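Thanks for coming, everyone. Please bring the structure up on your screens, and we will walk through it together.

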Amino acid sequence: MSAGEPQSVSAAKALEVARSGRPKSTSPRHRRQHAPHIDALIRLVSVRIVRLSEVILRIGTLAFKERFGVKPTDLRILVILGAHQPISVNEVSRRTHVDKAWISRSLGGLLRRRLIGKTGHPSDSRASLLSLTDKGEALLREIAPVAQEYQRQLLQGQRARDVERMLDLLSAQAEQMFQTAMREKSRAARR
C-alpha cells in the first residue's frame, strides 16, 4: 500500500486508540448514575464537541504524523496557507485559532522541510508572508484522499450536506455568542 492510499480504520479500533488503549467497560458495576447537574453538563453540546474533536485529533495524529510526518497543527497551517497564501503569521494564527507562539514553533519545522516558504511583507518590514512550496502543495495533494476517506468513515450513514449545514449553523451561532461576550467584556472594562 502506498503512502497516498487511504487506510481503513474501524470505528472500534479508532475509539480504542483514542481512549489511549483503555477498553470500554460494559459491566454494570462500572456504569455510574450521575447527579442531574453532572448529566446535564456531560450532555452539553460544547463538551461533546470537544470530546469528539479530541478523538478525531488523535486519529489524525496517528494517520498523518506516522504516514506523512505532519502533526495536526502543521496540517492546519498547511491547509490555511493553501487556501489563503501568501499570508502573515498573525493571520495564520487568527484563522487556525492557534496561539502565535505555537504557530511560530510549527513553522520552523515546515520551513526546514521546505514545505513552506517565507518572503518579506511588502508594506511591513518587520513581518513576513508565508506560502506553500511545490513540495508542500504535493504533500497536501497526497494527504487529501486519505483525509477524505477518514471523513467518509466518520460520516458513514449521515448525509454530508446535513452535517455541513449543522456545523455551519453551530459555528455561526458560536461566533455570534463570542462577539457578544467580547463586547460585554469591553463594556464592563470601561466602567
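I will start with the overall layout, then take the sheet, a helix pair and two single residues.

One caution before anything else. This is a predicted model. Please keep that in mind throughout.

So, the overview. The protein has 8 helices and 3 strands. Follow the chain along its sequence and the pattern reads α-α-α-α-β-α-α-β-β-α-α. There are 191 residues in the protein, and 22% of them are buried. Now the contacts. Take those with a separation of 6 or more. Of these, 56% join residues 24 or more positions apart.

Next, the sheet. In what order do the strands of the open sheet lie? The order is β1-β3-β2, and the pairing is antiparallel. The edge strands are β1 and β2, and each of them pairs on one side only. A word of background here. Strands in a sheet pair through backbone hydrogen bonds, and the pairing can be parallel or antiparallel.

Let us look at each side of β3. On one pairing, strand β1, residues 87-88, meets β3 in the antiparallel sense over 2 bridges. For instance, Ser88 has Leu129 of β3 as its bridge partner. On the other pairing, strand β2, residues 116-120, is joined to β3 by 5 bridges. Those two strands run antiparallel as well. Here Gly120 has Ser128 in β3 as its bridge partner.

Why is β3 described as largely enclosed by the rest of the structure? Strand β3 covers residues 128-132, and 4 of its 5 residues are buried, so the description fits.

Now the helices. Please find α3, residues 45-68, and α7, residues 134-154. How far apart are the axes of α3 and α7? They are 11 Å apart, and the two helices pack at an angle of about 145 degrees. The crossing of α3 and α7 is right-handed.

Who meets whom? From α3 come Ile56, Ile59, Ala63, Phe64, Arg67 and Phe68. From α7 come Leu139, Glu142, Ile143, Val146, Ala147, Tyr150 and Leu154. By class, this contact between α3 and α7 holds 11 nonpolar residues, 2 charged residues and no polar ones.

Stay on α3 for a moment. Arg48 sits in this helix. Is Arg48 buried or exposed? Its relative accessible area is 55%, and the cut-off for exposed is over 50%. Therefore Arg48 counts as exposed. Leave out residues up to four places away in sequence, and Arg48 touches Ile42 and Arg43.

For the last stop, go to helix α5, residues 89-96, where you will find Thr96. Is Thr96 buried or exposed? Thr96 has a relative accessible area of 5%, and buried means under 20%, so Thr96 is buried. The side chain of Thr96 reaches the backbone oxygen of Ser93 at 3.4 Å. Again leaving out residues up to four places away in sequence, Thr96 touches Arg76, Ile77, Ile80 and Ile103.

To recap the two residues: Arg48 in α3 is exposed, whereas Thr96 in α5 is buried. That is the tour. Thank you.

Conventions. Residues numbered from 1 in each chain as written. Predicted model: local features only at pLDDT ≥ 70, side-chain atom pairs only at ≥ 80, totals over all residues. Heavy atoms only, no water. Axes fitted to C-alpha atoms, helices over the stretch in contact; angles between N-to-C directions. Helix = DSSP H or I, 4+ residues; strand = E, 2+ residues; numbered from the N terminus. Left-handed = near helix turned anticlockwise from the far one by under 90°. Contact = heavy atoms within 4.5 Å. Nonpolar A, V, L, I, M, F, W, Y, C, P; charged D, E, K, R; others polar. Buried < 20%, exposed > 50% of the residue type's maximum accessible area, 1.4 Å probe, protein only. Pairing = 2+ DSSP bridges. Polar contact = N/O pair within 3.5 Å; in protein donor to acceptor, adjacent residues only side chain to side chain.
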